[in-house]
Amino acid sequence: MMDLQVNKKMLKNQIQAETGKMVLLKDLSNLAQKSQNKDTFDDVINMLRNQYGCTVEMNVSENGDFIGLFFQDEVMKKDFASFPEVMCIDATYKLLEIRLPVYIFLVEDSMGLSEVVGVSVLVNEMKETIVWLIDTFKKLNPSKVRVVMADKDFNERDTISKLWCCPVLICLFHSLKAFKRGIADLKISKTDSDTAKELFEKMCYSFSMDVYNDTYKDLKALGNTQIWNYFYKNWHPIRQD
């Protein structure tokens, strides 16, 4: 009945008269929205499979609620099979109007170009959801990953490391960007800010722990408590990554 776009108020009155149950217009609107969303998901899945030849995997709860979707076409599969050693994983939250996180799996080819080898849409980033995502990718792509590159704030980094049996390292670009963004929120002088960014970049490029420790001491000697507390809490514990 909802698919026929009948008058919701008339339908509400009819349901109450026939069943004796109280029905709110909001209930009918929610039902219509659920039906619309289901049709949309079905259309998307059919398009991915039939039009683009993608392998599509769905994750739904026991109640039938959507949790996640993963898809990959044949070109993506071949690219990963050819260059599986280093996997880059990143999430964006601005790609979809519904603001769900979109996870992108990337590898680097022999020309140094980034190739997308998998895409996923998730409704949450809980441990069990991330486990499903990585297990799904591994099931479809058995080639061995030797290292994973990810953002510093990527959830469940330890879980990913265990599932793929490899280290999860932090992307240098994201590290520099995140540090710059982090100290921008501090009430510090421009001079201290610029010095801290230079020292942090030097630590990122350290070729040994001796170089790191020397630069670490220089940052501490800067004497800015806010910068030091931010660095010591957020970055020093993951210096090996």
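**Exercise 1.** In this predicted model, determine how helix 6 and helix 7 are oriented: roughly parallel or roughly antiparallel to each other.

*Solution.* Helix 6 and helix 7 prove to be roughly antiparallel to each other. The reasoning starts from the packing angle between helix 6 (residues 172–184) and helix 7 (residues 190–204), which is about 155°. Angles over 145 degrees count as roughly antiparallel, so the description follows for this pair. The axes of the two helices lie 10 Å apart, and helix 6 passes helix 7 in a right-handed crossing.

**Exercise 2.** Identify which residues make the contact between helix 6 and helix 7, and classify the residues of the contact.

*Solution.* Helix 6 contributes Leu172, Ser175, Leu176, Phe179, Lys180 and Ile183. From helix 7 come Ser193, Ala196, Lys197, Phe200, Glu201 and Cys204. Sorted by type, the contact holds seven nonpolar, two polar and three charged residues.

**Exercise 3.** Describe the largest nonpolar core and state which element gives the largest share of this core.

*Solution.* The largest nonpolar core has 23 residues. Those touching the most other members are Met87, Ile89, Phe105, Ile134, Phe137, Val148 and Trp164. Two or more residues are given by each of strand 3 (86–92), strand 4 (102–108), strand 5 (114–122), helix 4 (127–140), strand 6 (147–150) and helix 5 (157–164). Helix 4 supplies the largest share, five residues. A second, separate core has 16 residues, including Phe179, Ile183, Ile188 and Phe200.

**Exercise 4.** List the contacts of Trp164, leaving aside its neighbours within four places in sequence.

*Solution.* With those neighbours set aside, Trp164 is in contact with Met87, Ile89, Phe105, Ile134, Phe137, Lys138, Lys144, Val145 and Val148.

Conventions:
Residues numbered from 1 in each chain as written. Predicted model: local features only at pLDDT ≥ 70, side-chain atom pairs only at ≥ 80, totals over all residues. Heavy atoms only, no water. Axes fitted to C-alpha atoms, helices over the stretch in contact; angles between N-to-C directions. Helix = DSSP H or I, 4+ residues; strand = E, 2+ residues; numbered from the N terminus. Parallel < 35°, antiparallel > 145°, perpendicular 65-115°, else oblique. Left-handed = near helix turned anticlockwise from the far one by under 90°. Contact = heavy atoms within 4.5 Å. Nonpolar A, V, L, I, M, F, W, Y, C, P; charged D, E, K, R; others polar. Core = buried A, V, L, I, M, F, W, Y, C linked by side-chain atoms within 4.5 Å. Buried < 20%, exposed > 50% of the residue type's maximum accessible area, 1.4 Å probe, protein only.
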